[in-house]
Amino acid sequence: MQIWVDADACPTVIKAILYRAAERVQVPMTLVANQALRVPASRCIKSVQVASGFDVADSHIVQHMQSGDLVITADIPLASEAIAKGGHALNPRGMFYTADNIKERLVMRDLMDQLRGSGIQSGGPSALSQADRQAFANQLDRFLQQNKVSPSP
């Protein structure tokens, strides 16, 4: 099992939680972004810089992930592709996307895109709160325990 991070839009505080978790359980983690990233020196943590462009990082993650991997993203289409490939998807607010809820999330995303396209101001998501950070950390820990991640050799 590996953790893949859609790192372009991932909040710094969430990355910090991920760095600590990857080190603690020695799970491989790859951050994918279209810009250079500074990551802690670790044999578990690496970053990959992809070319700029629409969904280039997302495509890289989907091409390289395996069934059972965990993808950290707020991007609903990427989460959908990860789930379709047998992976898991967790957003930075601590909500797992699942086969049961992803279609509804995609429909809502598309509706909001249409509303914005027609000029209706829908506002963006609220700022990441302490409760969101805690929910993310709790879900990540629960996932790692349930999947019994063993330290990498």
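# A guided look at helix α1, its strands and two salt bridges

Guide: In this predicted model, β1, α1 and β2 together make a right-handed β-α-β unit.

Visitor: What makes β1 and β2 a pair of strands?

Guide: Strands count as paired if at least two bridges are found between them, and β1 and β2 run parallel with four bridges between them, so the criterion is met. One position in this pairing is Trp-4, which stands opposite Thr-30 in β2.

Visitor: How do you know that β1 and β4 are joined as well?

Guide: β1 and β4 run parallel and are joined by three bridges, so by the requirement of at least two they also pair. Trp-4 faces a residue here too, standing opposite Val-71 in β4.

Visitor: What covers the two faces of β1, and which residues are buried there?

Guide: Ile-3 and Val-5 on one side and Trp-4 and Asp-6 on the other are all buried, so that both faces of β1 are covered. In a regular strand, side chains alternate between the two faces of the sheet.

Visitor: How do you know that the span of α1 is close to what is expected?

Guide: α1 has 14 residues, and from its first C-alpha to its last it reaches 20 Å, which is close to the 20 Å expected at 1.5 Å a residue. After the helix comes Gln-26, which has a positive phi, near 55°.

Visitor: Which residues of α1 are buried, and what do they pack against?

Guide: The buried residues of α1 include Ile-14, Ile-17, Leu-18 and Val-25, and Lys-15 is also one of them. The elements against which they pack are β1, β2, β3, β4 and α5.

Visitor: Why is the contact between Asp-141 and Arg-24 called a salt bridge?

Guide: The term asks for a side-chain nitrogen of Lys or Arg within 4 Å of a carboxyl oxygen of Asp or Glu; the closest N and O atoms of Asp-141 and Arg-24 are 2.6 Å apart, so the pair qualifies. This salt bridge links distant parts of the chain, since Asp-141 lies in helix α5 and Arg-24 in helix α1, 117 residues apart.

Visitor: Why is Asp-141 called partly exposed?

Guide: Its relative accessible area is 28%, and because buried means under 20% and exposed means over 50%, a value in between is called partly exposed.

Visitor: How many salt bridges does the structure hold, and what does Asp-132 form with Arg-93?

Guide: The structure holds two salt bridges, and Asp-132 forms one of them with Arg-93, the closest N and O atoms being 2.6 Å apart. Asp-132 lies in helix α5 and Arg-93 in the loop between β5 and β6, so this pair ties together parts that are 39 residues apart in sequence.

Visitor: Are the two partners, Asp-132 and Arg-93, buried or partly exposed?

Guide: Asp-132 has a relative accessibility of 16% and therefore counts as buried, whereas Arg-93, at 29%, counts as partly exposed.

Visitor: What makes Ala-82 a buried residue, and what is it in contact with?

Guide: Ala-82, whose place is in helix α3, has 0% relative accessibility and so counts as buried. Leaving aside its neighbours within four places in sequence, Ala-82 is in contact with Met-65, Val-71 and Gly-87.

Visitor: How many of the chain's residues are buried, as a percentage?

Guide: Buried residues make up 39% of the 153 residues in the chain, and the chain has five helices and six strands.

How values were computed
Residues numbered from 1 in each chain as written. Predicted model: local features only at pLDDT ≥ 70, side-chain atom pairs only at ≥ 80, totals over all residues. Heavy atoms only, no water. Buried < 20%, exposed > 50% of the residue type's maximum accessible area, 1.4 Å probe, protein only. Contact = heavy atoms within 4.5 Å. Expected span 1.5 Å × (residues − 1). Right-handed = clockwise from strand over helix to strand, strands pointing away.
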